[in-house]
Amino acid sequence: MATKCFPFKNTNSPNHMESIEMNSAASISTTQPGAPVHGIAIKSTDYTQLQQCLAIFKPHASNEEWFAGLTILPRLLDPLDETAMDLAYDHLPWKFLRKLLIPSVSDNAKVSESELPTKLLQTIALHIWSGFCAVSRYTSKQSILKCIIPASTILKNAQLCDEVVTLIATSFLHLADSPASVRLWSPEVMSCIIDALCKPSRDSVQPSTASANTLNKSTNDVNTATESGPKTDSKTAVPDHENSHPVQNSTFKYNHKLLAQLLDMLIERNLADLTHNLSNPASTQTITTTLTILDYIVTTGLCAESPVIIFMLVEYLVKIMSVLPIGSIQVETSLNVAMKRLLKTILRGKLSPEYQDLSLSLAALHLRHVREKGLFVDTSSTGAEMHGNARILSDGQYIAILTHMACAEIRVILDQTDSLIQPSPIDINNTTGAFDSKSIEATAKPVTELSSSNTALNLRNLKMLPLCYTIVETIIQYLVLDRGDLSIDILFSLRTALSEAFLAVEQYLLDRQTLYQHSSDILVLDDLYTAYSLKAYSLWIAENGSSSPENLEKIVPLIVHFCDAKLSILDTNPICFMTPILAAITTESPARDTYIRMRGYAAPAHFLMQSIADDDLKIAVLSILLNVVVADHDIISNDSIFIQILDTLMQRTSENQEHSLNNISLLANKYALICMIVRSLKSSQLELVPMASVLGTFSGIFHFVKSNSRPHIADAQHEQISDMWFLTVSALAECMPVIAIPQGNKALWRDELKKILLDGTWLKEESNALEQLVQSCE
């Protein structure tokens, strides 16, 4: 903090929220970090009085003398006088001062409770400590830092309307805005801050019974809940702090605001750059610490009864998890189990719109970390799980309600997107899981003039749509992997919700296509709503097919332009998440015909030639191109891009030769595509390919055919690549007559093929293909 301030006694502050008068002998006021100092102006330091005061702290002085010195000292110090501050810091008995912060201080100091109460001793010590915390050059001093743990313990045990909370919270705010922030971001300190935030006011009125029971309404009939979709209640439970103690209540609100500001600052200071420095050992330690803090917040939320406190904690969970690197939470951990239990607890009853957004956000962020495993049904549990006196949702009910909530939200948001906002570039694959409504708002560029209410709605939708799509995509993947533990009624309910949602998505994309067709406006494609809708639609079509092939064909132009465009909204290539739908399109007419006619294959071709993607993505792109050339081999000789693909693949024949299953699949797809291209090229085109590349590539192909034939590898492994192996052998037989392979090489390959034909049992189709290949080598 830029402003240097020391807590002096304040007798004339006009604003109680800025300065709170202390009622002890050490009565002084505390300002917020960075705020101006209110109160008596301090003249130049009287060093004579200061020296006399500091002389009191001689080693053999009585405790009463030390207490008197500590009480007087703040009145003698000018915080802008560095010499005086340093002199005081050097002479203060910091070890004794720390003892005052410990509850058993009366025993250590040999002072009875009746003479000087523990609370007063702690207050005196806190005044001194907080004054030095407000000066930046002391925030890294060990004497200051060693007081953090005792101060946090006091914070945990104090009432939120106590003045000591103001002192500690303000001091922590100063430390949080310094390198000492990392000392506060520890489970021991953070648990105390969280406990303090969760405390009700001493005299606060409890929420009404109807509000308090918002989370106690059991969901006994999942069909009722899922058929009608999520229900909301506009009445949100809010604690009533307006009572007969206005001073206590204003202090309560002020301290709660300080602690909330502190928690936000600690999250920002300790996690802001976490995803950019994952290789740093300090980042690993920060993640470990953060997971422990998350575990404590979740556990506290499970123990809380007030919806206000529960959803305050949920909000902090969302803030922390949105910047935590994806995969930090492991499925096997207690944190994953507790978080799922918390979600099943808060989703069991009616929710206000604000609480529903928080619930969906937490569920989506949870699933980003643990993926579909976060939805697996626990078959080992017996009987209904309870939270207090109420049942929580079963795993099946949780999946059903979560699906209906997310699907309903998607339909509503897509219906509200008449006005578009363009935020800054995003990674649609969500490698960090981060979202920040402030950054979206700061970089948003409205395409059309928006009212303030529409702007707020769009900003909210921009945050919620990706999260809801995350939930829906994870549920689709879960249903592909494991649906045996769900009842028929729940499966039907899920299918209904998903189908209705993707009918809305499909209609939205049809509208986008119509708009782009008439306007050719790149902003129709370069749009977050379009990008996330296409990503989810891609997965849905790949797993479930289109309910209307005609609609899918109409959307193909939008997909082709989207994949081929340079989009500022994304910092990743659209091909990275569009391969599922491209594979589906290229396997069926009439969508495939439209795709080929529009040269939709150019985008995956360029991606393959330029990308260093992982094996799975390369295999997906190769499969798309194989679908294209199998469907229409005439385009190979008519489009020069296939010569470029051939040249690229031949240069990569030496890559990925390890015999892992994934790499074998990659080689199988690569060699199949090479053979399919070569067999359809004209002689004049083949002459452009260097003979050395041809010979090296086809030697590798023959080695692949031999080493991965049925007699040479396990049947299970051969079955994984049998289709590509068969396609490669068949296409290779057609290539041999058209490429100028030396006769010596052909003879060698022919003899090897004859030998493997005699080595084992073959399927008829495979042996026929091999015999044709042998004949082509004659």
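A residue counts as exposed when its relative accessible area is over 50%. By that yardstick Ser 520 in this predicted model is exposed, because its relative accessible area comes to 53%. Ser 520 sits in the loop between α22 (488-519) and α23 (522-525), and its backbone is a bit unusual in one respect: phi is positive, at about 55 degrees, although the residue is not a glycine.

Arg 371 tells a similar backbone story. Here too phi is positive, at about 55 degrees, in a residue that is not a glycine. The loop in question runs between α18 (353-370) and β1 (386-387). With a relative accessible area of 31%, Arg 371 is partly exposed. Another loop, the one between α26 (575-585) and α27 (591-597), holds Pro 590. The peptide bond leading into Pro 590 from Ser 589 is cis, and its omega is near 0 degrees.

Moving inside, the largest nonpolar core has 249 residues, and those touching the most other members are Trp 129, Phe 132, Phe 172, Leu 259, Ile 645 and Phe 698. Helix α21 (residues 452-481) supplies the largest share of this core, with 13 residues. Domain 1 (45-105 + 116-184) and domain 2 (650-777) both contribute residues, so the core lies between them. As for Leu 259, once its neighbours within four places in sequence are set aside, its contacts are Leu 155, Leu 160, Val 165, Ala 169, Ile 193, Ala 196 and Leu 197.

Trp 129 also turns up where two helices meet. Gln 122, Leu 126 and Trp 129 from α6 meet Ile 148, Ala 151 and Ile 154 from α8. The axes of α6 (residues 118-133) and α8 (residues 148-157) come within 12 Å and cross at roughly 130 degrees. The two helices are therefore oblique to each other, and the crossing of α6 past α8 is left-handed.

Then there is Leu 402, part of helix α19 (residues 395-415). Its relative accessible area is 0%, so Leu 402 is buried. Leaving out neighbours within four places in sequence, Leu 402 makes contact with Leu 347, Leu 360, Ala 363, Leu 367 and Ile 471. Ala 364 is 38 residues away from Leu 402 in sequence, and their C-alpha atoms are 9.7 Å apart in space.

Methods: Residues are numbered from 1 along each chain as its sequence is written. This is a predicted model: local features need pLDDT of at least 70, side-chain atom pairs count only at pLDDT 80 or more; totals for chains, interfaces and linings use all residues. Side-chain values use heavy atoms; hydrogens and water are left out. Helices (H or I, at least four residues) and strands (E, at least two) are DSSP runs, numbered from the N terminus. Buried means under 20% relative accessible area, exposed over 50%, partly exposed in between (1.4 Å probe, protein chains only). Contact means heavy atoms within 4.5 Å. A nonpolar core is a set of buried Ala, Val, Leu, Ile, Met, Phe, Trp, Tyr and Cys residues joined through side-chain atoms within 4.5 Å. Domain bounds come from an automatic or database domain assignment. Axes are lines fitted to C-alpha atoms, for helices over the stretch in contact, and angles run from 0 to 180 degrees between N-to-C directions. Angles under 35 degrees count as roughly parallel, over 145 as roughly antiparallel, 65 to 115 as roughly perpendicular and the rest as oblique. A crossing is left-handed if the near helix is turned anticlockwise from the far one by less than a right angle, and right-handed if clockwise.
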